[in-house]
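This report is meant for someone meeting the structure for the first time. Please keep the sequence and the model in view while reading.

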Amino acid sequence: MESAFRDTFPDGLSTDFRVIETLGHAPGDCVRRLDRHLDRMTQTCARLGIAFDREQAAHLLAGVSGSQPLRLRLAVAPDGKIALQQAAMPPARQSWRVAIAPDTVWSGDPWLSVKTTQRALYDHWRAAMPAGIDEMLFCNETGALCEGTITNLFVETEDGLLTPPRSSGVLPGVLRQELLEGGRARVAALHPRDLHHAQAIWLGNSLRGLIRAELA
């Protein structure tokens, strides 16, 4: 486990800790962005010193089937044990209302760069979402926008689709990386004022795709 993470677990990862990936599956189709999700899980496990059997994970996901869209949660325990959970895909919505959280994150927090269960602040706000709000956005210690509890942020401007850089304190989202590599988005430091001047605000993750958002 990298030294940057040892301050949180000086005696090793707790038994309830998990590296996680959330994936989508459509009837008659394969798991969306499968290789990108497994790549990220491989990298995260390597950084944390967790043995990850990628072939076993791929085999579990290949066995998924169903007549309805599914939300899949792949989890790896500190001992390398892999578990896969399935649930119905959350209903799609045309747009979300978004607000800025009063809590800030530290851009240097290494846990922001990996997808794990070590996300107490995000879980808190996901559970305590104000009425009429679908997502909360976080700023870092400098006031720069970072991401939502379960989404990356994208702002549409005259210069194209912009998303905060990882250095601001951002998870390298699977959809985000796909958009960046495809030239559909580029990184730029963003601040709350940019939301008011944006042509459009989008939130996105691999499970739901891009969701149009409006600032509450």
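Is Arg47 buried, partly exposed or exposed? Arg47 has a relative accessible area of 25%, and a residue counts as buried only under 20% and as exposed over 50%, so Arg47 is partly exposed. Before going further, a careful reader should bear in mind that this is a predicted model.

**Salt bridges**

The structure holds 10 salt bridges, and Arg47 takes part in one of them, with Glu2 as its partner and 3.3 Å between the closest N and O atoms. This pair links distant parts of the chain, since Arg47 belongs to helix H2 whereas Glu2 sits in the segment before helix H1 (3-6), 45 residues apart. Glu2, with a relative accessible area of 34%, is partly exposed.

A salt bridge also brings together the side chains of Asp35 and Arg54, with a distance of 4.0 Å from N to O. Asp35 lies in helix H2 and Arg54 in helix H3 (residues 54-62), so this pair ties together parts of the chain that are 19 residues apart in sequence. Arg54 is partly exposed, its relative accessible area being 29%. The two residues also belong to a network of salt bridges in which Asp35, Asp39 and Arg54 are linked.

Another salt bridge joins Arg93 to Asp134, whose closest N and O atoms are 2.6 Å apart. Here too the pair links distant parts of the chain, with Arg93 in the loop between strand S3 (82-88) and strand S4 (95-105), and Asp134 in the loop between H4 and strand S5 (135-140), 41 residues apart. Asp134 has a relative accessibility of 15% and therefore counts as buried.

The table sets out these pairs with their distances.

| Salt bridge | Closest N to O distance |
|---|---|
| Arg47 and Glu2 | 3.3 Å |
| Asp35 and Arg54 | 4.0 Å |
| Arg93 and Asp134 | 2.6 Å |

**Helix H2 and the loop before it**

Helix H2 also contains Thr44, which is buried, with a relative accessible area of 3%. Once residues up to four places away in sequence are set aside, Thr44 touches Val19, Val114, Lys115 and Thr116. With Val114 the separation in sequence is 70 residues, while in space the two C-alpha atoms are 6.0 Å apart.

In the loop between S1 and H2 is Arg33, a residue other than glycine whose phi has a positive value, near 55 degrees. Most residues other than glycine have a negative phi. Arg33 counts as partly exposed, at 24% relative accessibility.

**The largest pocket**

Rolling a probe the size of a water molecule over the atoms shows where empty space is left. In this model the largest pocket has a volume of about 770 Å³. Its lining is made up of 36 residues, and those that lie nearest its centre are Lys115, Arg119, Tyr122, Thr149 and Ile150. The elements that give two or more residues to this lining are strand S1 (19-25), helix H2 (34-48), strand S2 (70-76), helix H4 (120-127), strand S6 (145-148) and S10. Helix H4 provides the largest share, with five residues. By type, the lining of the largest pocket divides into 13 nonpolar, 13 polar and 10 charged residues.

**Asn205 and its surroundings**

Strand S10 (residues 200-205) includes Asn205, which is buried, with a relative accessible area of 14%. A polar atom of the Asn205 side chain lies 3.2 Å from the backbone nitrogen of Leu207, and a polar atom of that side chain also lies 2.8 Å from the backbone nitrogen of Arg208. Apart from its neighbours within four places in sequence, Asn205 is in contact with Ile150, Thr151 and Leu175. Of these contacts, Ile150 is also one of the residues nearest the centre of the largest pocket.

Leu175, for its part, is in helix H5 (residues 174-181), where Val174, Leu175, Arg176 and Leu179 are buried. Just after H5 comes Gly183, which takes a positive phi of about 75 degrees.

Key
Residues numbered from 1 in each chain as written. Predicted model: local features only at pLDDT ≥ 70, side-chain atom pairs only at ≥ 80, totals over all residues. Heavy atoms only, no water. Helix = DSSP H or I, 4+ residues; strand = E, 2+ residues; numbered from the N terminus. Buried < 20%, exposed > 50% of the residue type's maximum accessible area, 1.4 Å probe, protein only. Polar contact = N/O pair within 3.5 Å; in protein donor to acceptor, adjacent residues only side chain to side chain. Contact = heavy atoms within 4.5 Å. 1 Å grid on protein atoms, 1.4 Å probe; cavity = no way out; pocket = protein on both sides within 12 Å on 5 of 7 lines; lining within 4 Å. Points joined across faces, edges and corners; volume = space filled by probe spheres on them. Nonpolar A, V, L, I, M, F, W, Y, C, P; charged D, E, K, R; others polar.
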